[in-house]
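Colleague: I'd like a close look at one part of this one, if you have a few minutes. Here is what I have on screen.

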Amino acid sequence: MNAPGVDISQPPLPLRRRLVELLLGGGLLASAASFLYPILRYIVPPPSADLGGDTVVAGKVGDLKPNSGRIFRFGSKPGLLVFTADREYRALSATCTHLDCTVQYRDDLHQVWCACHNGIYDLNGRNVSGPPPRPLESYEVHVQGDEIVVTRRQKA
């Protein structure tokens, strides 16, 4: 006597066959995940954390000679502090707007230079030549006591 709805014409699969099917299916699933995960991470990048506020001490008065510059950390990005030949401080983002390379101050040109693709910015951050599509972000500089304080400009 068979229960209604139970098909006895096909015998159950052997245990070894079920194990092989399970391993092959798992391997295919793992392979598909290993191909799709990097594509998904490329399409949806992780959010970048901003580790700092809008104000940072970039150095001390007297650290820079006239017509020189130095890189400082401004949050999670580098900043560039320049002490011009006219003894005026300027602060800019040190990340090139072309491909995010770190820029540097060239005292022979009196300009900011990106070594990756020979991009040049003036001391106001405007892109002068080369491939950079946008100007560098400029920051406000205040001297408080013997510290040079750099502040991100407030957007209106």
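Colleague: As a warm-up, how far apart are the mean positions of the positive and negative charges of the protein chain? Then please zoom in on the largest nonpolar core: which residues have the most contacts inside it?

Modeller: Charges first, and bear in mind that this is a predicted model. The chain carries 17 positive and 15 negative charges, and their mean positions are 7 Å apart.

Some context before the core. The chain has 1 helix and 10 strands, with the helix coming ahead of the strands as you read from the N terminus. The radius of gyration is 30 Å, well over the 15 Å that the globule rule gives for 156 residues, so the chain is more spread out than a compact globule. Along the principal axes, the C-alpha atoms take up a box of roughly 105 × 35 × 30 Å. Pro14, in the segment before helix H1 (15–43), gives you a feel for those distances: its C-alpha is 77 Å from that of Asn124, 110 residues away along the chain. Pro14 is partly exposed, at 47% relative accessible area. Over the chain, 27% of the 156 residues count as buried.

Now the core. In soluble globular proteins, nonpolar side chains tend to be buried together. Here the largest such cluster has 13 residues, and Leu80, Cys96, Val103, Val112, Tyr121 and Leu136 have the most contacts inside it. Strands S3 (77–83), S5 (103–106) and S6 (111–114) each contribute two or more residues.

Leu80 is a good place to park the camera. Setting aside its neighbours within four places in sequence, it touches Arg70, Ile71 and Phe72 on one side of the sequence, and further along Arg90, Ala91, Leu92 and Ala94, then Val103, Gln104, Tyr105 and Val112. Among those partners, Val103 and Val112 are on the list of residues with the most contacts inside the core. Phe72, though, belongs to another core, one of 11 residues that lies apart from the largest and also includes Phe74, Tyr89 and Ile148.

Two loops next to these core strands deserve a glance at their backbone. Most residues other than glycine have a negative phi. Arg87, however, has a positive phi near 60 degrees; it sits in the loop between S3 and strand S4 (89–93), and counts as exposed at 59% relative accessibility. Asn118 likewise has a positive phi, about 60 degrees. Its place is the loop between S6 and strand S7 (119–121), where it is partly exposed at 46%.

Definitions and conventions:
Residues numbered from 1 in each chain as written. Predicted model: local features only at pLDDT ≥ 70, side-chain atom pairs only at ≥ 80, totals over all residues. Heavy atoms only, no water. Core = buried A, V, L, I, M, F, W, Y, C linked by side-chain atoms within 4.5 Å. Buried < 20%, exposed > 50% of the residue type's maximum accessible area, 1.4 Å probe, protein only. Helix = DSSP H or I, 4+ residues; strand = E, 2+ residues; numbered from the N terminus. Contact = heavy atoms within 4.5 Å. Rg over C-alpha atoms; globule rule 2.2 N^0.38 Å. Lys, Arg positive; Asp, Glu negative; His and termini not counted. Charge placed at Lys NZ, Arg CZ, Asp CG, Glu CD.
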